[in-house]
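Here's a walk through one small set of helices and how they sit against each other. Have a look at the picture first, then read on.

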Amino acid sequence: MQFSTNFVFEKISVAAALSMFQLSSVLNVFLGWKLFNEKHLLKKLIASIIMVIGTIIIISGR
């Protein structure tokens, strides 16, 4: 993980890289709901989508 993080930071800006790392949150929400029966799926999904929208804004603003 550390190697891949350093590799990405060499290729693109840190702000863009960190925002792209947040994209995994949508997958994590679904896995938590499906595997661990976590509650409040809609609330967590909305929060994840807001982070994805922020990622799109950051990347498109480059």
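## Starting just after a helix

Let's begin with a single residue: H3 is followed by Asn37, and the phi of Asn37 is positive, near 55°. Keep in mind throughout that this is a predicted model.

Now for H4, which takes in residues 41-60. With 20 residues at 1.5 Å a residue, helix H4 should span 28 Å, and because its end C-alpha atoms are 28 Å apart, the two values agree. Which residues of H4 are buried? They are Leu45, Ser48 and Thr55. These residues cover an arc of only 70° around the axis, so they lie on the same side of H4. Turn to the other side of H4 and you meet exposed residues: Leu42, Lys43, Ile50, Ile57 and Ser60. As for what covers the buried residues of H4, the cover includes helix H2 (14-21) and helix H3 (24-36).

H3 can be read in much the same way. Its 13 residues should span 18 Å at 1.5 Å a residue, and the end C-alpha atoms of H3 are 17 Å apart, which agrees. Buried in H3 are Ser25, Val29 and Gly32. Those residues cover an arc of only 70° around the axis, which puts them on the same side of H3. Leu27, Lys34 and Leu35 are exposed, on the face of H3 turned away from its buried side. The cover over the buried residues of H3 includes H4.

## How the helices pack

Two packings involve H4, so here are their values together.

| Pair | Axes | Angle |
|---|---|---|
| H3 and H4 | within 9 Å | roughly 165° |
| H2 and H4 | 9 Å apart | about 155° |

Take H3 and H4 to begin with: their axes cross at roughly 165°. That makes H3 roughly antiparallel to H4, since angles over 145 degrees count that way. The crossing of H3 past H4 is left-handed. On the H3 side, the residues involved are Ser25, Val26, Val29, Phe30 and Trp33, and they meet Leu41, Lys44, Leu45, Ser48, Met51 and Val52 in H4.

Then there's H2, which packs with H4 at about 155°. That angle makes H2 roughly antiparallel to H4. H2 also passes H4 in a left-handed crossing. Here the contact is made by Ala15, Ala16, Ser19 and Met20 of H2, together with Thr55, Ile58 and Ile59 of H4.

## Two serines up close

Let's zoom in on a pair of residues from the H3 and H4 packing. Ser25 sits in helix H3, while Ser48 lies in helix H4.

Is Ser25 buried or exposed? Its relative accessibility is 13%, and because buried means under 20%, Ser25 counts as buried. Ser48 is buried too, with a relative accessible area of 4%.

What does each serine touch? Leaving aside neighbours within four places in sequence, Ser25 is in contact with Ser48 and Met51. With neighbours within four places again left aside, Ser48 is in contact with Ser25, Val26 and Val29. So the two serines are listed as contacts of each other, Ser48 for Ser25 and Ser25 for Ser48.

Definitions and conventions
Residues numbered from 1 in each chain as written. Predicted model: local features only at pLDDT ≥ 70, side-chain atom pairs only at ≥ 80, totals over all residues. Heavy atoms only, no water. Helix = DSSP H or I, 4+ residues; strand = E, 2+ residues; numbered from the N terminus. Expected span 1.5 Å × (residues − 1). Buried < 20%, exposed > 50% of the residue type's maximum accessible area, 1.4 Å probe, protein only. Arc of directions from axis to C-beta. Contact = heavy atoms within 4.5 Å. Axes fitted to C-alpha atoms, helices over the stretch in contact; angles between N-to-C directions. Parallel < 35°, antiparallel > 145°, perpendicular 65-115°, else oblique. Left-handed = near helix turned anticlockwise from the far one by under 90°.
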